[in-house]
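Let us take a model apart by asking how each label is earned. Have the structure open beside you.

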Amino acid sequence: MSLSSTKKGQDAITIGIFTALYLVIAAAGMAGLIFGPVAMTVTVVAVALINGITFMMFVSRVYSAYAIFIMGVVMALLMLAHGWTTALALLVSSGVSTLCILRPRDPDANKRPLVKRRSKVSLVVAYAVFNLWYIGPILPIYLWQDSKNPAMLAFYTPTTMAITEVLTFIFSLIGAWLGIRLRKRHFERAGLA
């Protein structure tokens, strides 16, 4: 069943608001780049934890299962200035994340938000997969030795990039779980979710 035009409009506004919020938090986390590669890795992992709350609020407000992919496309267009590897990583991670929660036929699409139609586990995994896009900004440093900072070139080896991605995935799982708990405990009571 397709969404009504009212729900499509609400979803479009919600996608815009939460994409902006997600990117502001991510940009604040990328400020760790100023202090070096270790601080950048720590802040990326911390942002994955914090944005779990943002993401769970996002899926509690949208009705379309494709909203995550649309959010990824909007972010990819905005991040294209950062490099094509970041945009590509965003498109792939948001596509796979959408596949984690996609169902062929959803009769409740117009009646209940996405968070109430999918299992908590699938939403947590979808967020963790979505956050794997953080490899995009790091990839050029390793592949093309594209960095003016020698500390970045020395730090980001295949091993440290893999460790960064695994930590991002783990802390994304924790952040999404925390987001579900906070949404249920605080935001639902206040009528915000």
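Q: What pattern does the protein chain follow along its sequence?
A: Reading along this predicted model, you meet α-α-α-α-α-α-α-α-α. The chain has nine helices and zero strands.

Q: How much of the protein chain is made up of buried residues?
A: Of the 193 residues, 46% are buried. To count as buried, a residue needs under 20% relative accessible area.

Q: What share of the contacts comes from residues 24 or more positions apart?
A: Take the contacts in the protein chain with a separation of 6 or more. Residues 24 or more positions apart account for 77% of them.

Q: Why is H2 called oblique to H6?
A: Helix H2 covers residues 37–61 and helix H6 covers residues 120–130. They pack at about 125°, with axes 10 Å apart. Roughly perpendicular ends at 115 degrees, and roughly antiparallel needs over 145. The angle falls between those limits, so H2 is oblique to H6. The crossing of H2 past H6 is right-handed.

Q: Which residues make the contact of H2 with H6?
A: From H2 come Val47, Ala48, Asn51, Gly52, Phe55, Met56 and Val59. From H6 come Leu123, Val124, Tyr127 and Phe130.

Q: How many nonpolar, polar and charged residues does that contact of H2 with H6 have?
A: The contact has nine nonpolar, two polar and no charged residues. Gly counts as polar here.

Q: What makes H6 mostly covered?
A: Eight of its eleven residues are buried. They are Ser122, Leu123, Val124, Ala126, Tyr127, Ala128, Val129 and Phe130.

Q: How many aromatic pairs does a search of the whole structure find?
A: The search finds seven. One of them joins phenylalanine 55 and phenylalanine 58.

Q: What makes the pair of phenylalanine 55 and phenylalanine 58 tilted?
A: Check the distance, then the angle. The centres are 6.1 Å apart, and a pair needs centres within 6.5 Å. The planes are at 55°. Stacked needs under 30 degrees and edge-to-face needs over 60. The angle fits neither, so the pair is tilted.

Q: What separates phenylalanine 55 and phenylalanine 58 along helix H2?
A: They are three residues apart in H2, which means about one helical turn between them. An α-helix has 3.6 residues a turn, so residues three or four places apart point the same way.

Q: Why is the pair of phenylalanine 55 and phenylalanine 130 called tilted?
A: Their ring centres lie 5.7 Å apart, and their planes are at 35°. That angle is also between the limits of 30 and 60 degrees, so the pair is tilted.

Q: Which parts does the pair of phenylalanine 55 and phenylalanine 130 tie together?
A: Phenylalanine 55 lies in helix H2 and phenylalanine 130 in helix H6, so the pair ties together parts that are 75 residues apart in sequence.

Q: How do you know whether phenylalanine 55 is buried or exposed?
A: Its relative accessible area is 1%. The cut-off for buried is under 20%, so phenylalanine 55 is buried. Phenylalanine 130 has a value of 0%, so it is buried too.

Q: Which residues do ring pairs link into a cluster?
A: The cluster holds Phe18, Tyr22, Phe55, Phe58, Tyr127 and Phe130.

Q: Why are H3 and H4 called roughly antiparallel?
A: The axes of helix H3 (residues 67–79) and helix H4 (residues 84–101) cross at roughly 175°. Over 145 degrees counts as roughly antiparallel, so H3 and H4 earn the label. Their axes come within 8 Å. By class, their contact has ten nonpolar, six polar and no charged residues.

Q: Is alanine 28 buried or exposed, and what makes it so?
A: Alanine 28 is found in helix H1. Its relative accessibility is 54%. Exposed means over 50%, so alanine 28 counts as exposed.

Q: Is threonine 19 buried or exposed, and how do you know?
A: Threonine 19 is found in helix H1 as well. Its relative accessible area is 2%. That is under 20%, so threonine 19 is buried. Leaving aside neighbours within four places in sequence, threonine 19 is in contact with Met71, Val74 and Met75.

Notes
Residues numbered from 1 in each chain as written. Predicted model: local features only at pLDDT ≥ 70, side-chain atom pairs only at ≥ 80, totals over all residues. Heavy atoms only, no water. Axes fitted to C-alpha atoms, helices over the stretch in contact; angles between N-to-C directions. Helix = DSSP H or I, 4+ residues; strand = E, 2+ residues; numbered from the N terminus. Parallel < 35°, antiparallel > 145°, perpendicular 65-115°, else oblique. Left-handed = near helix turned anticlockwise from the far one by under 90°. Contact = heavy atoms within 4.5 Å. Phe/Tyr/Trp six-rings, centres within 6.5 Å; stacked < 30°, edge-to-face > 60°. Buried < 20%, exposed > 50% of the residue type's maximum accessible area, 1.4 Å probe, protein only.
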